[in-house]
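Morning, everyone. Let me put the model up, and then we will walk through it.

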Amino acid sequence: MRLLRKYLIYTLLILPLTIQAAKRNPYQEYIDTYSEMAIEQQKAHGIPASITLAQGLLESRAGQSSLATEGNNHFGIKCHNEWRGDTLLRNDDAANECFRSYVSAAESFEDHSRFLLRKRYAPLFKHDVTDYAAWAKGLKKCGYATDPNYATRLITIIERYALYLFDTEAGRRSEEDADFIHNMLRSTHPVRRSRGLHCVIASPGDTYSSIAKELGIKTSKLLKYNDVDKDREIKPWEEVYLEEKRDTPPDGLSRATIGEGESIHSIAQRFGMKLSTLRRLNPRAADRPGTTLRLR
């Protein structure tokens, strides 16, 4: 009887927690692990914790990218001339680019702050620490990333996980309540306009059918607009277009390299271009990281 009682206690109390832990969102796990580190950087250098966390989540794929797992590089910072530490080679804007490698995640977070303290990013610090949208747009304007939708992705992540709570003392006190952040997750996808095209940004676990149902449009139309043959799970933080894409790239760009974890389809989504146009311009291109594609 005593053994049975112990088993029942385990089943009723312990097992559900184990199942819940197994289903934990890796993005929430990342926030739980590194939020305090981001807050420390805000207090020391004035960079919004929400921006640091969003960049870390996006650049490292919630700590799962090879740069993060092999080199503790959570922000995709390249070597540049001043770097004297260890390095890793990865495909990004070009093949086999040099990226910084760190001893720990803490070193990466600190170097990220030092990187943004350079003169190039000085305009960022004119914005209030709570104005995460201005910081996100400023990062793109200052050239942190070549992705034309970089600011939109950061803002989406911050709003999806209520990361703005970490930017203020009042918000942090609210976050300390049990499961507060978990209850703040947004289920809707705000429609944005990028390069003249209406789109939403996919969250982890989204499918084309789930977004179509939420927005009240036909799944078949959504699949057509996004060059997809059948319903599937969408890459986190990728654009989902609500109208036909274009034949030309934005901002006069002429070439792009398929980066780690990307494909020709990823490039088409990033630049709002039709997949058929990309394939016509690059008939012999290998669909793998490191391949440089013509955009026009």
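A disulfide, as I use the word, is a pair of cysteine sulfur atoms within 2.5 Å. One caution before we use that: this is a predicted model, where local features need pLDDT of at least 70, side-chain atom pairs count only at pLDDT 80 or more, and totals for chains, interfaces and linings use all residues. Residues are numbered from 1 along each chain as its sequence is written, and side-chain values use heavy atoms, with hydrogens and water left out.

So, the cysteines. The structure holds one disulfide. Cys 79 is joined to Cys 98, with an S to S distance of 1.9 Å. The link of Cys 79 and Cys 98 is left-handed, with -70° about the S-S bond. Where do the two ends sit? Cys 79 is in the loop between α4 and β1, and Cys 98 is in strand β2, so to speak of distant parts of the chain is fair: they are 19 residues apart. Helices here are DSSP runs of H or I with at least four residues, strands are runs of E with at least two, and both are numbered from the N terminus.

Now burial. Buried means under 20% relative accessible area, exposed means over 50%, and partly exposed is in between, using a 1.4 Å probe and protein chains only. Cys 79 has a relative accessible area of 7%, so it is buried. Cys 98 is at 29%, so it is partly exposed. Two more cysteines: Cys 142 counts as buried at 15%, and Cys 199 is buried at 1%.

Next, the hairpin. Strands β1 (residues 87–90) and β2 (residues 97–100) run antiparallel and are joined by four bridges. Two strands pair if DSSP finds at least two bridges between them. Arg 90 stands opposite Glu 97 in β2. Six residues lie between the strands of this hairpin, and Asn 96 takes a positive phi near 55°.

That brings up backbone angles. Most residues other than glycine have a negative phi. Arg 61 has a positive one, near 50°. Arg 61 is in the loop between α3 (49–60) and α4 (66–71). With a relative accessible area of 33%, Arg 61 is partly exposed. Ala 162 also has a positive phi near 50°. Its loop runs between α7 (150–160) and α8 (169–175). Is Ala 162 buried or exposed? Buried, at 0% relative accessibility.

On to helix α5, residues 105–116. The expected span of a helix is 1.5 Å times one less than its number of residues. For the twelve residues of α5 that gives 16 Å, and the end C-alpha atoms are 17 Å apart, which agrees. The buried residues of α5 are Ala 105, Ser 108, Phe 109, Asp 111, His 112, Ser 113, Phe 115 and Leu 116. What covers them? Among the elements are α2 (26–45), α3, β2 and α6 (132–141). Contact here means heavy atoms within 4.5 Å.

Now the rings. Rings of Phe, Tyr and Trp (its six-membered ring) pair if their centres lie within 6.5 Å; planes under 30 degrees apart count as stacked, over 60 as edge-to-face, and the rest as tilted. The structure holds 13 aromatic pairs. Take Tyr 27 and Trp 237: their ring centres are 5.4 Å apart and the planes are at 85°, so the pair is edge-to-face. Tyr 27 lies in helix α2 and Trp 237 in the loop between α11 (219–225) and β5 (239–241), so the pair ties together parts that are 210 residues apart in sequence. Tyr 27 counts as buried at 7%, and Trp 237 is buried at 2%.

A second pair is Phe 125 and Trp 135. Centres are 5.1 Å apart, planes at 80°, so this one is edge-to-face. Phe 125 lies in the loop between α5 and α6, and Trp 135 in helix α6, so the pair ties together parts ten residues apart in sequence. Phe 125 counts as partly exposed at 30%. Trp 135 counts as buried at 1%. There is also a cluster: ring pairs link Tyr 30, Tyr 34, Phe 75 and Phe 109.

Last, charges over rings. The test is NZ of Lys or CZ of Arg within 6 Å of the ring centre and within 35 degrees of the ring normal. The charged end of Arg 118 sits over the ring of Phe 115, 4.0 Å from its centre. Arg 160 lies over the face of Tyr 161, at 5.9 Å from the ring centre.
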